[in-house]
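Let us take a walk through this protein together, one stop at a time. Please keep the sequence and the 3D view open as you read.

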Amino acid sequence: MRTLNRKRLAALAAATTVLLGLAAPSHATDPVVPKPSPSAAAPLQYHLRMHHLHTGESIDVVYRIGDTYLPEALDRLNHFLRDHRTQDVSSYDPKEFDVLHALMASLGRPNGVIDIICGYRTPWSNSFLRAGSAATGVAEHSQHMLAKAIDIRVPGVTTVALRDAALALHAGGVGFYPISQFVHVDVGPVRTWSFR
């Protein structure tokens, strides 16, 4: 009697397992392992490493994963790129970070360090720089005041090569400052200029 009950229970359990789809088909010899789809691949991480030449600070941050910008990382970048004269912080257009990321990738230096000459500028700082000389190269309505521009160098990359790589992106304004040895990149209208 007990044997019969055990056999019935085993058969009932087996039938329930098959009905619920918990068991592999009886003809299968290997477990069925789903193949990963292309969408299951890890999303691209957007990473920046920068050193600010005026504050001496450095930052190493993943600011975007796939199509998602990371708010805490953007806050860190905004603080890092603050006006170093007044300590005022602004909210950068994240596309500016995408330009820097694409620029470093195009230079074959995805993990390279970007030296920051100037990030955000308050209207006061912008006027202060313009008043320093009649020919400073500082625009009256600079994209720096809109938190859409950064002046950069990349150690080991000539200013000419950096300018050419930035121009190839067609992502905004590119200013070439060969005497001061830096390149201005912004996400304003596409345009280019040289200063001296």
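**A neighbouring pair, and then the wider picture**

Our walk begins with a salt bridge between the side chains of Asp164 and Arg163, with N and O 3.0 Å apart. Asp164 is partly exposed, as its relative accessible area is 38%. Both of these values, like every other one here, come from a predicted model.

Now step back and look at the whole protein. Its secondary structure consists of five helices and eight strands. Read from the N terminus, the elements follow the order α-β-β-β-α-α-β-α-β-α-β-β-β. The protein has 196 residues, and 34% of them are buried. Its accessible surface is about 11800 Å², and carbon and sulfur atoms account for 59% of that area. The contacts also tell you something about how the chain is arranged: of those between residues at least 6 apart in sequence, 54% join residues at least 24 apart.

Next, let us go inside. The largest nonpolar core has 30 residues, and those touching the most other members are Met50, Tyr63, Phe97, Leu100, Ile114, Ile116 and Ile152. Many elements contribute to this core: at least two residues each come from strand 1 (45-52), strand 2 (58-65), helix 2 (71-80), helix 3 (94-106), strand 4 (113-118), strand 5 (149-153), helix 5 (159-169) and strand 7 (182-186). Ile114 makes a good example to zoom in on. Setting aside residues up to four places away in sequence, Ile114 touches Leu48, Arg49, Met50, His51, Leu100, Met104, Ile152 and Arg153.

One of those partners, Arg49, leads us back to charged pairs. Side chains of opposite charge can pair when their charged atoms come close. The structure holds six salt bridges. In one of them, Asp60 pairs with Arg49, and their closest N and O atoms are 3.6 Å apart. This pair links distant parts of the chain, since Asp60 sits in strand 2 and Arg49 in strand 1, 11 residues apart. Asp60 counts as partly exposed because its relative accessibility is 46%, and Arg49 counts as partly exposed at 29%.

A further salt bridge joins the side chains of Glu57 and Arg82, at 2.8 Å from N to O. Glu57 belongs to the loop between strand 1 and strand 2, while Arg82 belongs to the loop between helix 2 and helix 3, so this pair ties together parts 25 residues apart in sequence. The two partners have their own burial classes: Glu57 is partly exposed at 28% relative accessibility, and Arg82 is buried at 7%. Salt bridges can also form a network, and here one links Arg64, Asp67 and Asp98.

What about a charged residue that is buried yet has no salt bridge? Arg121 is one such residue, and the nearest side chain of opposite charge, Asp151, is 4.2 Å away. The cut-off for a salt bridge is 4 Å between a side-chain nitrogen of Lys or Arg and a carboxyl oxygen of Asp or Glu, so this pair does not count as one. You can find Arg121 in the loop between strand 4 and helix 4 (123-131). The side chain of Arg121 does have a polar contact of 3.3 Å with the side chain of Ser142. Apart from residues up to four places away in sequence, Arg121 touches Asp83, Arg85, Asn126, Leu129, Val138, Ser142, His144, Met145 and Asp151.

Asp93 is likewise buried without a salt bridge, and the nearest side chain of opposite charge, Lys148, lies 4.3 Å away. Look for Asp93 in the loop between helix 2 and helix 3. A polar atom of the Asp93 side chain is 2.9 Å from the backbone nitrogen of Lys95. Neighbours within four places in sequence aside, Asp93 is in contact with Ala147, Lys148 and Val187.

Our last stop is Gly188, in the loop between strand 7 and strand 8 (191-194). Gly188 counts as buried because its relative accessibility is 15%. Leaving out neighbours within four places in sequence, its contacts are Gln143, Ala171, Gly172 and Gly173. Ser142, the polar partner of Arg121, comes up again here: the C-alpha atoms of Gly188 and Ser142 are separated by 9.8 Å, although the two residues are 46 apart along the chain.

How values were computed:
Residues are numbered from 1 along each chain as its sequence is written. This is a predicted model: local features need pLDDT of at least 70, side-chain atom pairs count only at pLDDT 80 or more; totals for chains, interfaces and linings use all residues. Side-chain values use heavy atoms; hydrogens and water are left out. A nonpolar core is a set of buried Ala, Val, Leu, Ile, Met, Phe, Trp, Tyr and Cys residues joined through side-chain atoms within 4.5 Å. Buried means under 20% relative accessible area, exposed over 50%, partly exposed in between (1.4 Å probe, protein chains only). Helices (H or I, at least four residues) and strands (E, at least two) are DSSP runs, numbered from the N terminus. Contact means heavy atoms within 4.5 Å. Lys and Arg count as positive and Asp and Glu as negative; His and the chain ends are not counted. A polar contact is a pair of N or O atoms within 3.5 Å; within protein, one must be able to donate a hydrogen and the other to accept it, and residues adjacent in sequence count only if both atoms are side-chain atoms. Accessible areas come from the Shrake-Rupley method with a 1.4 Å probe; for residues, only the protein chains shown count as cover.
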